[in-house]
Amino acid sequence: MSIMDRKIVMSGIRPTGYLHLGNYFGAMRNYVKMQNEYECYYMVADLHSLTTHPDTKELRANVHRVLAENIACGLDPEKAAFFCQSHIPEISELYLYLNMLAYKGELEKTTTFKDKVRQHPENVNAGLLTYPVLMSADILIHRASFVPVGKDQEQHLEMARNFAQRFNFRYGNVFPEPQAFNFGETLLKVPSLDGSGKMSKSENQMATLYLADDDDMIRKKVMKTKTDNGPTEHNSIKPDYIENIFLLMNLVSNADVINKFEIDFNQCSIRYGDMKKQLAEDMVRFIAPIRQKATDIMNDEKYLQNVMEQGAEKGRKSAVATLQLVKESMGLKYY
Ligand code: ATP
Ligand code: MG
């Protein structure tokens with residue numbers, strides 16, 4: 001493969017709290033797999049966090065946490081550009097240009113916007129409304145083709161394609177149309193343990209498994225998940241909350257273990273207590289080493305500063321080049 005064919009990848013995570021299993025399987029796992037094959041830009045989306053988290057007391061610690069937990073999961077800052085969004089001012093400039101191509105009506109119809117308005121009616125700010133425009137700028141500034149994200153971001157990616165198309169149509173061909181990406185067949189949504197929506201940094205916190213949870217907390221959360229007395233007919237359809245337990249098991253347990261519980265379910269001999277104990281231990285086995293590594297990295301502030309500086313340098317190189325093309329195409333060049 002020549003360097004010209006090398007596809008560009010971009011994605012980001014907001015520093016709004018502790019990272020969780022959903023972030024890992026929807027996003028971070030793919031970051032790590034992709035960094036060997038593609039030119040990758042990964043970002044701590046600090047500006048995005050301001051749309052819903054105006055209080056910045058925890059921001060610094062959260063930025064460090066996102067950096068450390070990603071690196072603990074295998075992201076290699078030597079292979080990928082790993083930076084903070086606010087360290088690349090070119091993103092904000094492209095955001096301004098793209099805002100002129102985004103319409104109020106389509107932004108108001110975005111599902112995540114409507115959800116956030118419902119949750120926080122006291123803080124419906126313009127940044128929240130234009131979130132998908134900033135996210136498009138994040139992606140388009142590197143002219144990325146692939147965006148590893150979870151299912152909750154699908155609609156935003158569609159909007160990014162629309163803005164790219166509009167720009168290209170009006171001013172000339174600058175941007176590829178970015179696609180959401182997962183190594184599996186489809187985009188993933190890791191459900192919350194209580195079955196209400198997805199695991200999340202900012203919501204459903206008692207029903208979310210965090211990469212920083214200690215062993216007892218993991219066990220406690222898993223054992224609390226809802227079950228029932230079990231099926232009464234062979235080969236029944238699983239209720240949603242049971243389906244979710246199987247889904248979680250599929251992420252961290254061995255195939256033969258999962259298979260055994262599938263058979264037990266189909267033969268009405270399943271014991272959910274045993275299943276949850278097994279799931280809890282497999283979760284502990286998965287999360288504990290990540291937690292320990294992340295704690296060590298987080299304590300090394302000098303290293304994290306180096307990562308941010310090196311990341312910003314790599315990220316800006318690509319951003320400056322795109323912005324120059326953008327301004328030339330738009331006719332913003334007067335001498
Ligand atoms: P917040 O609640 O603050 O919005 P979040 O948990 O939704 O936090 P984001 O920073 O918004 O996390 O998203 C980071 C990445 O993780 C995105 O690619 C998103 O699609 C993915 N992601 C978040 N939650 C899940 C989930 N439950 N299942 C799969 N992917 C997820
Ligand atoms: Mg989110």
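**Figure 1. Residues surrounding ligand 1 in the predicted model.** Among the 21 residues around ligand 1, those that come nearest are Thr16, His20, Lys198, Lys201 and Ser202; a residue is near a molecule if one of its heavy atoms lies within 4 Å of it. By class, this shell holds 10 polar, 6 nonpolar and 5 charged residues. Asp, Glu, Lys and Arg count as charged, Ala, Val, Leu, Ile, Met, Phe, Trp, Tyr, Cys and Pro as nonpolar, and the others, Gly among them, as polar. Because this is a predicted model, local features need pLDDT of at least 70 and side-chain atom pairs count only at pLDDT 80 or more, whereas totals for chains, interfaces and linings use all residues. Residues are numbered from 1 along each chain as its sequence is written, ligands are numbered from 1 in the order in which they are written, and side-chain values use heavy atoms, without hydrogens and water.

**Figure 2. Polar contacts of ligand 1.** A polar contact is a pair of N or O atoms within 3.5 Å. A polar side-chain atom of Ser200 lies 2.7 Å from an oxygen atom of ligand 1. Backbone N or O atoms also approach nitrogen atoms of the ligand: that of Val190 lies at 2.8 Å and that of Met199 at 3.1 Å.

**Figure 3. An aromatic pair, Tyr24 and Phe286.** The whole structure contains 11 aromatic pairs, with ring centres within 6.5 Å. Tyr24 and Phe286 are edge-to-face (planes over 60 degrees apart), with 5.1 Å centre to centre and 80° between the planes. Tyr24 belongs to helix 1 and Phe286 to helix 13 (residues 272-298), 262 residues apart; helices are DSSP runs (H or I) of at least four residues.

Key:
A polar contact is a pair of N or O atoms within 3.5 Å; within protein, one must be able to donate a hydrogen and the other to accept it, and residues adjacent in sequence count only if both atoms are side-chain atoms. Rings of Phe, Tyr and Trp (its six-membered ring) pair if their centres lie within 6.5 Å; planes under 30 degrees apart count as stacked, over 60 as edge-to-face and the rest as tilted. Helices (H or I, at least four residues) and strands (E, at least two) are DSSP runs, numbered from the N terminus.
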